[in-house]
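I opened this one to see how a few helices sit against each other. Notes follow in the order I looked things up.

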Amino acid sequence: MPADPPIFVWPPKRPPHPSQRAMPTPDPGAATIAQSFPDQVVSRPQPPGASPPSFALHAPASRSVPSVSPVWPSIEETWLDVTAPPLHRRLAELGWRPDSPDAYCPVCGQSRAQPGRPCPDCPEKPAWQRLVRLGPYYSPLTRLIHEVKFTRWRRLGRDLGTLLGQSVATEIDRIHPQPKRIVVVPVPTSFLRRLTRGIDHPAVLSRAVAHEAGAGFLPLLRRSHRPSQTSLPASRRGANVANTIHPRRAADLQDALVIVVDDVTTTGATLRAACRAVAQAAKRAGSRPAAIWTAVVAVTPK
């Protein structure tokens with residue numbers, strides 16, 4: 001007697017792609033997995049007394065977010081051979097969201113347990129007035145940054161830049177409600193490093209930050225090639241970056257809020273050199289910025 005034909009099942013059963021099996025392990029402070037997205041995102045616990053962030057993880061409140069049918073992710077995974085889920089889905093599954101400004105020092109960017117208390121690690125004369133970050137250099141930010149830098153994944157870089165731009169826009173509204181002009185300047189990458197990596201990742205991040213914050217994008221700086229900062233101990237990074245970042249030309253930055261963008265900061269040596277080069281470019285044009293800020297995806301904890 002012939003066997004009955006198999007019952008049609010949708011979607012077809014299929015083993016997960018290898019790249020989807022190993023997901024980043026959430027931080028010890030990460031909350032439980034979010035129940036839905038984008039309507040709700042579970043945030044990581046904040047220090048006592050910290051106010052929750054006023055922005056959403058997915059998009060600014062002024063933009064409409066199209067609803068996504070639950071069938072579409074199934075089609076992507078079944079037929080399109082998706083190697084990694086979109087950023088918003090990966091972060092929602094981990095229950096991760098950007099830090100509140102109260103969770104870290106606004107100058108050095110280091111996490112602090114008590115909001116409003118002075119930070120003992122801050123330099124006496126910082127080269128910038130304010131630093132904005134998404135979080136400490138832990139998972140999942142470590143993996144996301146590496147994917148952008150070493151796999152030339154520009155779309156992921158733009159998505160990270162959009163998140164960072166939302167944090168920057170929130171701080172601008174809180175500190176400078178109506179700045180005359182906002183200019184985003186990427187920390188430069190040397191020509192040889194762009195050639196070997198195939199991507200200028202600070203520029204990718206900066207364009208997205210500028211778009212989200214309603215700012216102008218200005219690739220003002222250039223950089224001489226030196227060994228990578230990550231290959232050196234902290235004690236040698238300041239000397240390694242000294243006299244390597246210079247302005248390409250004079251720039252009229254009168255009364256502008258300048259935001260210098262990079263992916264990660266550890267000792268702050270690269271950011272200091274970039275901010276001083278921005279001040280040099282403004283001085284050559286006889287102008288003076290209203291303020292110089294920095295914005296980074298992650299800050300390496302001390």
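**Entry 1: α4 against α5**

I started with α4 and helix α5 (residues 154–175), which pack at an angle of about 135° with their axes 8 Å apart. That is a predicted model talking, so I keep in mind that every value here is computed from it. At this angle α4 and α5 are oblique to each other; the cut-off for roughly antiparallel is over 145 degrees, so this pair doesn't get there. I also looked up the hand of the crossing, and for α4 and α5 it is left-handed.

Which residues meet here? On the α4 side I found L144, E147 and V148, and on the α5 side L156, G157 and L160. Sorted by class, the α4–α5 contact has four nonpolar residues, one polar and one charged.

**Entry 2: α3 against α4**

Next I turned to the other partner I had picked for α4. Helix α3 (residues 87–94) packs on α4 (residues 141–151) at about 165°, and their axes are 12 Å apart. That makes α3 roughly antiparallel to α4. The hand of this crossing is right-handed.

For the contact itself, I listed L87, R90 and L91 from α3, meeting R143, L144 and E147 from α4. The class split is three nonpolar, no polar and three charged.

I noticed two names coming back: L144 and E147 of α4 touch α3, and L144 and E147 also turn up in the contact with α5.

**Entry 3: what is buried in α3 and α4**

How many of the eight residues of α3 are buried? I get six, so α3 is largely enclosed by the rest of the structure. The buried ones are L87, R89, R90, L91, A92 and L94, and that list includes L87, R90 and L91, the α3 residues that meet α4. Just after α3, I found G95 with a positive phi of about 65°.

In α4, I noted L141, T142, L144, I145, E147, V148 and K149 as buried. Just after α4 there is a positive phi too, about 60° at R152.

**Entry 4: T142**

I stopped at T142, which lies in α4. Is T142 buried or exposed? Its relative accessible area is 19%, and buried means under 20%, so T142 counts as buried. A polar atom of the T142 side chain lies 3.5 Å from the backbone nitrogen of S139.

**Entry 5: A295**

Then I went to a strand. A295 is found in β7 (residues 291–299), and at 0% relative accessibility A295 counts as buried. What is A295 in contact with, leaving aside its neighbours within four places in sequence? I wrote down V132, L164, V168, I259, V260, V261 and D262. I also checked A295 against G161: they are 134 residues apart along the chain, yet their C-alpha atoms are separated by 9.9 Å.

**Entry 6: the whole chain**

Last, I zoomed out. The protein chain has nine helices and seven strands. Of its 302 residues, 47% are buried. I also looked at contacts between residues at least 6 apart in sequence, and 79% of them join residues at least 24 apart.

Definitions and conventions:
Residues numbered from 1 in each chain as written. Predicted model: local features only at pLDDT ≥ 70, side-chain atom pairs only at ≥ 80, totals over all residues. Heavy atoms only, no water. Axes fitted to C-alpha atoms, helices over the stretch in contact; angles between N-to-C directions. Helix = DSSP H or I, 4+ residues; strand = E, 2+ residues; numbered from the N terminus. Parallel < 35°, antiparallel > 145°, perpendicular 65-115°, else oblique. Left-handed = near helix turned anticlockwise from the far one by under 90°. Contact = heavy atoms within 4.5 Å. Nonpolar A, V, L, I, M, F, W, Y, C, P; charged D, E, K, R; others polar. Buried < 20%, exposed > 50% of the residue type's maximum accessible area, 1.4 Å probe, protein only. Polar contact = N/O pair within 3.5 Å; in protein donor to acceptor, adjacent residues only side chain to side chain.
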